[in-house]
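Work through the following exercises with the sequence and the model side by side, trying each task before you read its solution.

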Amino acid sequence: MADLTAAARRAIPASQYGLPEQRKYPMPDKVHARVAKSYASKEERAGVITQGQKAQIDRKADAKLGHPPRDHALVMASADHLHRMGHISADQHRQIRAKAQAQMNASKGAARPFGAIG
């Protein structure tokens with residue numbers, strides 16, 4: 001990752017910061033978005049930022065990275081595991097996956113189903 005000089009950091013629009021009002025967690029590219037998520041997790045655990053601020057940073061970073069929110073992947077993996085182990089029925093499995101898919105589509109504004117190519 002290239003370090004941001006003070007001048008380069010000032011040139012980044014406020015909208016590309018995880019916390020634009022404070023101009024913290026710059027995300028001019030995918031590398032910086034990953035770093036912002038990492039630092040946000042660390043600083044939330046340390047009490048430097050709130051859970052809401054971390055969520056805001058994560059949403060912006062996820063949008064920059066272009067992948068589904070982590071919660072969606074965890075729900076899908078958990079549902080798959082529970083179904084394979086026989087703890088939930090096939091119908092319950094489909095319902096959980098459908099609900100998680102709908103939430104992901106709503107958060108991303110996507111119309112295509114999970115796993116669709118294109």
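**Exercise 1. Find the partners of glutamine 53, then place this residue and classify its burial.**

Solution. Once the neighbours within four places in sequence are set aside, glutamine 53 is in contact with Leu19 and Gln22, where contact means heavy atoms within 4.5 Å. Glutamine 53 itself belongs to helix H3, and helices (H or I, at least four residues) and strands (E, at least two) are DSSP runs numbered from the N terminus. The last step is burial: buried means under 20% relative accessible area, exposed over 50%, and partly exposed in between, with a 1.4 Å probe and protein chains only. Because its relative accessibility is 19%, glutamine 53 counts as buried.

Before going on, note that this is a predicted model, in which local features need pLDDT of at least 70 and side-chain atom pairs count only at pLDDT 80 or more, while totals for chains, interfaces and linings use all residues. Residues are numbered from 1 along each chain as its sequence is written, and side-chain values use heavy atoms, with hydrogens and water left out.

**Exercise 2. Describe the chain as a whole, beginning with its helices and strands.**

Solution. The chain contains five helices and two strands, and reading along the sequence gives the pattern α-β-β-α-α-α-α. Of the 118 residues in the chain, 24% are buried. If we take the contacts between residues at least 6 apart in sequence, 45% of them join residues at least 24 apart.

**Exercise 3. Describe how helix H2 packs against helix H3.**

Solution. Two packed helices are described by the angle between their axes and the distance between the axes. Axes are lines fitted to C-alpha atoms, for helices over the stretch in contact, and angles run from 0 to 180 degrees between N-to-C directions. For H2 (residues 30-45) and H3 (residues 51-65), the angle is about 160° and the axes are 9 Å apart. H2 is therefore roughly antiparallel to H3, given that angles under 35 degrees count as roughly parallel, over 145 as roughly antiparallel, 65 to 115 as roughly perpendicular and the rest as oblique. Among the residues that make the contact are Ala33 and Lys37 of H2, together with Ile57 and Leu65 of H3. Looking at one of these more closely, and again leaving aside neighbours within four places in sequence, we find leucine 65 in contact with Lys30, Ala33, Arg34 and Lys37.

**Exercise 4. List the residues of the largest nonpolar core, and name the elements that give two or more residues to this core.**

Solution. A nonpolar core is a set of buried Ala, Val, Leu, Ile, Met, Phe, Trp, Tyr and Cys residues joined through side-chain atoms within 4.5 Å. The largest one has 10 residues, namely Leu19, Tyr25, Met27, Ala33, Ala36, Ala40, Ile49, Ile57, Ala61 and Leu65. The elements giving two or more residues to this core are H2 and H3.

**Exercise 5. Compare the settings of arginine 23 and tyrosine 25, starting from their phi angles.**

Solution. Most residues other than glycine have a negative phi, and most peptide bonds are trans. Arginine 23, although not a glycine, has a positive phi of about 55°, and tyrosine 25, also not a glycine, has a positive phi of about 65°. Arginine 23 sits in the loop between strand E1 (17-19) and strand E2 (24-26), whereas tyrosine 25 is placed in strand E2. Arginine 23 counts as partly exposed because its relative accessibility is 30%, while tyrosine 25, with a relative accessible area of 9%, is buried.
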